Amino acid sequence: MPTTTDLHNWTASLPAELIQRVQERSHPRRYRDGQALYLPGETGTGLFQLLQGCVRICNYTSDGGEFVLSLLHPGDWLGDLSLLDGLP
């Protein structure tokens, strides 16, 4: 059974040459600590692979509290589902 980590690092099982092609087409970006990649309800516009640090996937409660759904770590990917289904 795949673990959450396996799902976020889906490229690990791809052939090395395909991984290299994806990386060659990538554009590294830096984000500040706490900066949002996108907010709940926004449609994703990119595919991200985390190279360092961590990313919190979260939502917010009605009283403004943060609810953390997942933590991503280097090697993990995010944004892939929005690109496939066009949904937020």
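Let's start in the middle of things: Ile-57 sits across from Ser-70, a residue of strand 3. That strand covers residues 66-72, and its partner here is strand 2, residues 55-60; the two pair in the antiparallel sense over six bridges. Pairing here asks for at least two bridges found by DSSP between the strands. Helices (H or I, at least four residues) and strands (E, at least two) are DSSP runs, counted from the N terminus. Five residues lie between the strands of this hairpin, and Gly-64 takes a positive phi near 90° there.

Before going on, a word about what you're looking at. This is a predicted model, so to speak of a local feature takes pLDDT of at least 70 and side-chain atom pairs count only at pLDDT 80 or more, while totals for chains, interfaces and linings use all residues. Residues are numbered from 1 along each chain as its sequence is written, and side-chain values use heavy atoms, with hydrogens and water left out.

Back to the hairpin, where Arg-56 and Glu-66 join their side chains in a salt bridge, 3.2 Å from N to O. Arg-56 belongs to strand 2 and Glu-66 to strand 3, so the pair ties together parts that are ten residues apart in sequence. A salt bridge means a side-chain nitrogen of Lys or Arg within 4 Å of a carboxyl oxygen of Asp or Glu, and searching the whole structure turns up one. Arg-56 is partly exposed at 43% relative accessibility, and Glu-66 is partly exposed too, at 38%. (Buried is under 20% relative accessible area, exposed is over 50%, and partly exposed is in between, with a 1.4 Å probe and protein chains only.)

Now step back to the whole protein. It has three helices and four strands, running α-α-β-β-β-β-α from the N terminus on. Of its 88 residues, 16% are buried. Take the contacts (heavy atoms within 4.5 Å) between residues at least 6 apart in sequence: 51% of them join residues at least 24 apart.

Look next at the loop between helix 1 (4-8) and helix 2 (16-24), where you'll find Trp-10. At 33% relative accessibility, Trp-10 counts as partly exposed.

How far can you trust the picture? pLDDT is the predictor's confidence in each residue, from 0 to 100. The protein's mean is 82, with 90% of its residues at 70 or more. Among the elements, strand 3 has the highest mean, 90, and helix 1 the lowest, 55. Where pLDDT is low, the predicted coordinates should not be read in detail.
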